Amino acid sequence: MIERTRSSVVNKALALALSSLLVAGAPFCGVRIANATPSVNEARSELDRLYSEAEETSEHLNETAVQLQETQTQIDSANAQIQEAEQVIAQKQVELEQSQKTLAFTTRNDYKSGGLDLISVIFTSTSFEDLVSKLHYTSMVAGAHAKAINDARNLQSELDAKKNDLQSSLQTLNAEKDQQQELLNAQQSQKAELDKRVARAQAYFDGLDPDTQGGLTPSGGGDVPHPDAGGDAQRQAVLDAAYSMIGGSYVWGACDPVSRCFDCSGLTMYCFGQAGISLPHSSESQRGRISDFKPISQCRAGDLIWMSGHVGIYCGGGMMIDAGTPSTGVSYRSCSWMVGGGWPA
């Protein structure tokens, strides 16, 4: 009986100690025990997972930036069209006023010369448009004045149509501005999420012991074969650019060939730019530029290859050059986990 009571007391003490740790906010899983230090492979796997989460967020951020740029281009185009429409309207307004003055002058001269009886027409007309219509369609004016009347009517119709077009353009512009603001808000939210994920990955790395950290640091590798495009000048230009950046650093959102700092889509954007092909700074937008998307097994050296949230440049033989993670930088490595690719249009 005494032994059972003693066991119960011990169990209660352990439960109380554990609950105290939980209430105090102490991370129980963080208590170090023997053999809790991860191996280099385990640490690399976890760090890659954290980097992958951050890269996915970073590429969402890049895509939002691309959309913002496209929206701004549309807004600039709408503004240019509005300015052009305003100039046309101003010019047509001058022509309309001149045409009305001409019509008034010739009508007044006809009246003074007794060429027509305008009294009844004037007093039964409710507006200038009504007056012109009656003058024209009742043949109360000479045929010589018909052109001036038609010109005035046509100019007024054209002016009204231009004003309607301008109003429509203004409405479109306002809608685009609203869309741009939504994208800007999304971009700010994505940036905050990226910062949190990058900090989480860095904190994990910093928490590893020095030996494990050393095992995760790239050693520079051995010799990398220079990729060959088989005589295709454009593809070779892409491969040469990628090869020249091996050993560069991975930096979120970067495309800086001078400092050799890139993220995945920044590297591919730079390399294809060296072949005269302009790509947006976003893995998803770059994927959209591949019209003939095919499996890796059918890709050619120099093709852009893709998986959700990541892009690289195929080098042949199941290998690629890509800006992978802060721990790998720009490297030549297997692309077995990529989905497919092709040549961007």
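Here are some worked exercises on a predicted model of a protein chain.

**Exercise 1: Get your bearings**

Find how many helices and strands the protein chain has, and what share of its residues is buried.

Solution. Start with the secondary structure: the protein chain has nine helices and nine strands. Next, take burial: of the 345 residues, 35% are buried. Finally, look at the contacts between residues at least 6 apart in sequence: 62% of them join residues at least 24 apart.

**Exercise 2: Trace the sheet**

Work out the strand order of the six-stranded sheet, and say which strands sit at its edges.

Solution. Step one is the order, which reads 4-9-5-6-7-8 in an open sheet with antiparallel pairing. Step two is the edges: strand 4 (294-295) and strand 8 (330-334) each pair on one side only. Step three zooms in on one pairing. Strand 6 (residues 310-316) and strand 7 (residues 319-323) run antiparallel and are joined by three bridges. For one of the partners, go to G316, whose bridge partner in strand 7 is M319.

**Exercise 3: Put the helices on the sheet**

Say which strands helix 7 and helix 8 meet, and at what angle each runs to strand 6.

Solution. Take helix 7 (residues 233-244) to begin with: this helix packs on the sheet and touches strand 6 and strand 7. Its direction makes about 110° with that of strand 6. Now move to helix 8 (residues 264-273), which lies across strand 5 (304-307), strand 6, strand 7 and strand 8. Helix 8 runs at about 50° to strand 6.

**Exercise 4: Check helix 7**

Compare the expected span of helix 7 with the distance between its end C-alpha atoms, then list its buried residues and what covers them.

Solution. Do the length check before anything else. With 12 residues at 1.5 Å a residue, helix 7 should span 16 Å, and its end C-alpha atoms are 16 Å apart, so the two agree. (The multiplier is one less than the number of residues, in case you got a bigger number.)

Then go through burial: R235, Q236, V238, L239, A241 and A242 are the buried residues of helix 7. A bit of background helps in reading that list: an α-helix has 3.6 residues a turn, so residues three or four places apart point the same way. The cover over these buried residues includes helix 8, strand 6 and strand 7.

Last, check the start of helix 7. There, a side-chain oxygen of D232 comes to within 3.2 Å of the backbone nitrogen of Q234.

**Exercise 5: Follow W306 to S283**

Locate W306 and S283, decide whether each is buried or exposed, and find what they touch.

Solution. Place them: W306 is in strand 5, and S283 is in helix 9 (residues 283-288). Now burial, where the cut-off is under 20% relative accessible area. W306 has 13%, so W306 counts as buried. S283 is at 0%, so S283 is buried as well.

How far apart are W306 and S283 in sequence and in space? They are 23 residues apart in sequence, and their C-alpha atoms lie 7.5 Å apart.

For the contacts, skip residues up to four places away in sequence. W306 touches S283, E284, R287, F293, V311, M338, V339 and G340. S283 touches E59, S265, W306, G309, H310 and V311. There's a polar contact to add too: the side chain of W306 meets the side chain of E284 at 3.5 Å.

**Exercise 6: Sort the ring pairs**

Count the aromatic pairs, then describe the geometry of Y51 with W252 and of F262 with Y270.

Solution. The count is five aromatic pairs. Y51 and W252 form a tilted one, 6.3 Å centre to centre with 55° between the planes. This pair links distant parts of the chain, 201 residues apart: Y51 is in helix 2 (residues 40-112), and W252 is in the loop between strand 1 (249-250) and strand 2 (255-256). Y51 is buried at 7% relative accessible area, while W252 is partly exposed at 22%.

For F262 and Y270, the ring centres are 5.8 Å apart and the planes are at 35°, so this pair is tilted. F262 is buried at 0%, and Y270 is buried at 17%. To finish, ring pairs link Y51, Y250 and W252 into a cluster.

**Exercise 7: An unusual phi**

Find where R260 sits and what its phi is near.

Solution. R260 is in the loop between strand 2 and strand 3 (261-262). Its phi is near 55°, a positive value in a residue other than glycine. With a relative accessible area of 29%, R260 is partly exposed.

Terms used: Residues are numbered from 1 along each chain as its sequence is written. This is a predicted model: local features need pLDDT of at least 70, side-chain atom pairs count only at pLDDT 80 or more; totals for chains, interfaces and linings use all residues. Side-chain values use heavy atoms; hydrogens and water are left out. Two strands pair if DSSP finds at least two bridges between them. Helices (H or I, at least four residues) and strands (E, at least two) are DSSP runs, numbered from the N terminus. Contact means heavy atoms within 4.5 Å. Axes are lines fitted to C-alpha atoms, for helices over the stretch in contact, and angles run from 0 to 180 degrees between N-to-C directions. Buried means under 20% relative accessible area, exposed over 50%, partly exposed in between (1.4 Å probe, protein chains only). A polar contact is a pair of N or O atoms within 3.5 Å; within protein, one must be able to donate a hydrogen and the other to accept it, and residues adjacent in sequence count only if both atoms are side-chain atoms. Rings of Phe, Tyr and Trp (its six-membered ring) pair if their centres lie within 6.5 Å; planes under 30 degrees apart count as stacked, over 60 as edge-to-face and the rest as tilted.
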